[in-house]
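Work through the exercises below with the sequence and the coordinates open. Each task is followed by a solution in steps.

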Amino acid sequence: MIQRLQTVFLFLSIVVIGAYLMLPAIVTTGADFNQVSQGYAVKERMTTSFGVYFFYFNAILLGTAMGLSLTSILLYKWRKVQQVVVLLAIPFVVSAFAFTVYKWQTISSLYVNQRLIILDIYFTPWNFLLVLAILLQILAFMYIRKDEALIKSLDRLR
């Protein structure tokens with residue numbers, strides 16, 4: 001019975017984050033412009049003297065969170081370390097959600113062929129999958145803590 005529920009919560013968190021990366025996060029429409037950005041495609045553009053670079057912050061942040069959650073599943077023998085790894089994954093998910101909200105707030109217009117297009121930007125409900133992922137991480141942390149307390153209480157009985 002020990003470790004099963006946290007593993008389920010961590011696995012569900014990985015699945016929810018993976019689903020978010022494939023679903024639309026921001027929908028942008030204009031007069032003759034329509035763009036759907038999946039969760040992984042929410043990016044920041046940087047222009048340098050060598051060219052234009054795109055940094056896919058959501059893919060990096062959420063990929064790191066997924067890797068930490070998978071690592072936490074594999075650390076079932078070391079519950080203290082597992083708790084720390086679960087707590088380390090939460091800020092990455094929060095940062096990805098904050099970055100998505102930032103991009104949603106800052107996109108307002110676009111220049112296409114020297115012409116300004118005013119855009120309508122929609123924040124899709126799929127973005128709240130990240131809130132669900134955070135809740136699943138917190139539940140996993142709580143059940144790891146509960147297992148640690150159970151083990152300590154069993155050690156006292158010996």
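The exercises concern a predicted model and go from the overall fold to single residues.

**Exercise 1. Overall architecture**

Task: State how many helices and strands the protein chain has and in what pattern they follow one another.

Solution.
- Step 1. Counting the elements gives 4 helices and 7 strands.
- Step 2. Along the sequence, these elements follow the pattern α-β-β-β-β-α-α-β-β-β-α.
- Step 3. The protein chain has 158 residues, and 36% of them are buried.
- Step 4. Of the contacts between residues at least 6 apart in sequence, 65% join residues at least 24 apart.
- Step 5. The accessible surface of the chain is about 9,700 Å², with 68% of it belonging to carbon and sulfur atoms.

**Exercise 2. The sheet with β1 and β7**

Task: Give the order of the strands in the open sheet formed by 3 strands, and say whether the pairing is parallel or antiparallel.

Solution.
- Step 1. The order is β2-β1-β7, and the pairing is antiparallel.
- Step 2. The edge strands are β2 (34–38) and β7, each of which pairs on one side only.
- Step 3. From one strand to the next, the twist averages 15°.
- Step 4. Strand β1 (residues 24–29) pairs with β7 over 4 bridges in the antiparallel sense. Within this pairing, I26 stands opposite F123 in β7.
- Step 5. Helix α3 packs on the sheet and touches β1 and β7. The direction of α3 makes about 160° with that of β7.

**Exercise 3. The β3–β4 hairpin**

Task: Describe how strands β3 and β4 are paired, and find the bridge partner of T48.

Solution.
- Step 1. Strand β3 covers residues 44–48 and strand β4 covers residues 51–55.
- Step 2. The two strands, β3 and β4, pair in the antiparallel sense over 5 bridges.
- Step 3. The bridge partner of T48 is G51 in β4.
- Step 4. The hairpin that joins β3 to β4 does so through 2 residues.

**Exercise 4. Aromatic pairs and F128**

Task: Classify the aromatic pair of F97 and F128, and explain which parts of the chain the pair ties together.

Solution.
- Step 1. The whole structure contains 5 aromatic pairs. One of them is formed by F97 and F128, with 6.2 Å centre to centre and 50° between the planes.
- Step 2. Planes under 30 degrees apart count as stacked and those over 60 as edge-to-face. The F97 and F128 pair is therefore tilted.
- Step 3. F97 lies in helix α3 (residues 79–106), whereas F128 lies in the loop between β7 (120–123) and α4 (129–157), so the pair ties together parts 31 residues apart in sequence.
- Step 4. The C-alpha atoms of F128 and F97 are separated by 8.5 Å.
- Step 5. Leaving aside neighbours within four places in sequence, F128 is in contact with F97 and F123.
- Step 6. The relative accessibility of F128 is 48%, so F128 counts as partly exposed.
- Step 7. Elsewhere, ring pairs link F55, F57, F99 and Y102 into a cluster.

**Exercise 5. The salt bridge and K80**

Task: Identify the side chains that meet in a salt bridge, state whether they are buried or exposed, and then describe the surroundings of K80.

Solution.
- Step 1. The count comes to 1 salt bridge. R79 and E148 form it through their side chains, at 2.9 Å from N to O.
- Step 2. R79 lies in helix α3 and E148 in helix α4, so the salt bridge ties together parts that are 69 residues apart in sequence.
- Step 3. R79 and E148 are both buried.
- Step 4. K80 is also placed in helix α3. With a relative accessibility of 48%, K80 counts as partly exposed.
- Step 5. Apart from neighbours within four places in sequence, K80 is in contact with E148 and K152.
- Step 6. K80 and I144 are 64 residues apart in sequence, and their C-alpha atoms are 8.5 Å apart in space.

**Exercise 6. The setting of S72**

Task: Decide whether S72 is buried or exposed, and name the residues with which S72 is in contact.

Solution.
- Step 1. S72 is located in helix α2 (residues 57–74).
- Step 2. The relative accessible area of S72 is 0%. Buried means under 20%, so S72 is buried.
- Step 3. Leaving aside neighbours within four places in sequence, S72 is in contact with L10, Q82, V85 and V86.

Terms used: Residues are numbered from 1 along each chain as its sequence is written. This is a predicted model: local features need pLDDT of at least 70, side-chain atom pairs count only at pLDDT 80 or more; totals for chains, interfaces and linings use all residues. Side-chain values use heavy atoms; hydrogens and water are left out. Buried means under 20% relative accessible area, exposed over 50%, partly exposed in between (1.4 Å probe, protein chains only). Contact means heavy atoms within 4.5 Å. Accessible areas come from the Shrake-Rupley method with a 1.4 Å probe; for residues, only the protein chains shown count as cover. Rings of Phe, Tyr and Trp (its six-membered ring) pair if their centres lie within 6.5 Å; planes under 30 degrees apart count as stacked, over 60 as edge-to-face and the rest as tilted. Two strands pair if DSSP finds at least two bridges between them. Axes are lines fitted to C-alpha atoms, for helices over the stretch in contact, and angles run from 0 to 180 degrees between N-to-C directions. A salt bridge is a side-chain nitrogen of Lys or Arg within 4 Å of a carboxyl oxygen of Asp or Glu.
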